[in-house]
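Hi everyone, thanks for making room for me today. I'd like to walk you through one structure, so have it open in your viewer and follow along.

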Amino acid sequence: MSSEKKRVQFRAPGRLVDRADALASVLGEDRTDVLVTALREYLQEAAHDDALTQEIAAAYYDDEITYDQLRALVGAEEAANLRVLKRQLDEDFVDEVAER
């Protein structure tokens, strides 16, 4: 995964931002560090959430996300497994349609 930093802008509830600022003050960090850590931990947990993984896989099967995006979300090994399954499903679908 690239370590290149991208600038992002978003709106968040004021109380949430206040809490992030308070935590940053306690930790001696800035708001960005707190938000990046929170985002990193959320994404790490999400990669191990079966229901969310299924949604991510469905998005990949429906070509809503690329393989690179899939790999970034679920990790290289799981992405490789899902890519193999997608190919098998595509081949099975072709075979099924061909038999009709």
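**Around an aromatic cluster**

Let's begin with three tyrosines: Tyr60, Tyr61 and Tyr67 form one aromatic cluster. Before I go on, please keep in mind that this is a predicted model. On confidence, the protein chain has an average pLDDT of 90, and 96% of the residues score at least 70. Helix H1, residues 14-27, has the highest confidence in the protein chain, at a mean of 95, while H5 has the lowest, at 84. Keep H5 in mind, please, as we'll be spending some time there.

Back to the rings. The structure holds two aromatic pairs. Tyr60 and Tyr61 make a tilted pair, with 6.2 Å from centre to centre and 50 degrees between the planes. Why is this pair called tilted? Stacked would need planes under 30 degrees apart and edge-to-face would need over 60, so the 50 degrees between Tyr60 and Tyr61 makes the pair tilted.

Now, how exposed are these two neighbours? Tyr60 is buried, because its relative accessible area is 7% and the cut-off for buried is under 20%. Tyr61, at 25% relative accessibility, counts as partly exposed.

Next, the charges over the rings. Which residue puts its charged end over the ring of Tyr60? That is Lys86, 4.4 Å from the ring centre. Tyr67 has a charged residue over its face too: Arg83 lies there, 3.9 Å from the ring centre.

Let me stay with Lys86 for a moment. Lys86 belongs to helix H5, which covers residues 76-99. Is Lys86 buried or exposed? Lys86 counts as buried, because its relative accessibility is 12%. Setting aside residues up to four places away in sequence, Lys86 touches Tyr60, Tyr61 and Asp63. With Asp63 there is also a polar contact between the side chains, at 2.5 Å.

That partner deserves a look of its own. Asp63 sits in the loop between H3 and H4. Asp63 counts as exposed, because its relative accessible area is 58%, whereas Lys86 at the other end of the contact is buried. If you like to check backbone torsions, try this one: phi of Asp63 is near 60 degrees, a positive value in a residue other than glycine. As background, most residues other than glycine have a negative phi.

Let's turn to the nonpolar side of things. How many residues make up the largest nonpolar core? There are 10 in all: Ile56, Ala57, Ala59, Tyr60, Ile65, Tyr67, Leu70, Val74, Ala79 and Leu82. Helix H3 (50-61), helix H4 (67-74) and H5 each supply at least two residues of this core. H3 gives the most, with four residues.

You'll have spotted Tyr60 in that list, and its contacts are worth a click. Beyond its neighbours within four places in sequence, Tyr60 is in contact with Ile65, Thr66, Tyr67, Leu70, Leu82, Arg83 and Lys86. So Tyr60 belongs to the aromatic cluster, is a member of the largest nonpolar core and has the charged end of Lys86 over its ring.

Another residue in helix H3 is Thr53. Thr53 counts as buried, because its relative accessibility is 8%. Apart from its neighbours within four places in sequence, Thr53 contacts Ala46, Ala47, Val74 and Glu78.

Two last stops, if you're still with me. Gln44 is in helix H2, residues 31-46, and its side chain makes a polar contact of 3.4 Å with the side chain of His48. From Gln44 to Ala12, 32 residues apart along the chain, the C-alpha atoms are separated by 21 Å.

Finally, Ser25 is located in helix H1. With 60% relative accessibility, Ser25 counts as exposed. Its C-alpha lies 26 Å from that of Glu4, and the two residues are 21 apart in sequence.

That's my tour. Thanks for listening, and I'm happy to take questions!

Technical notes: Residues are numbered from 1 along each chain as its sequence is written. This is a predicted model: local features need pLDDT of at least 70, side-chain atom pairs count only at pLDDT 80 or more; totals for chains, interfaces and linings use all residues. Side-chain values use heavy atoms; hydrogens and water are left out. Rings of Phe, Tyr and Trp (its six-membered ring) pair if their centres lie within 6.5 Å; planes under 30 degrees apart count as stacked, over 60 as edge-to-face and the rest as tilted. Buried means under 20% relative accessible area, exposed over 50%, partly exposed in between (1.4 Å probe, protein chains only). A charge sits over a ring if NZ of Lys or CZ of Arg is within 6 Å of the ring centre and within 35 degrees of the ring normal. A polar contact is a pair of N or O atoms within 3.5 Å; within protein, one must be able to donate a hydrogen and the other to accept it, and residues adjacent in sequence count only if both atoms are side-chain atoms. Contact means heavy atoms within 4.5 Å. pLDDT is the predictor's confidence in each residue, from 0 to 100. A nonpolar core is a set of buried Ala, Val, Leu, Ile, Met, Phe, Trp, Tyr and Cys residues joined through side-chain atoms within 4.5 Å.
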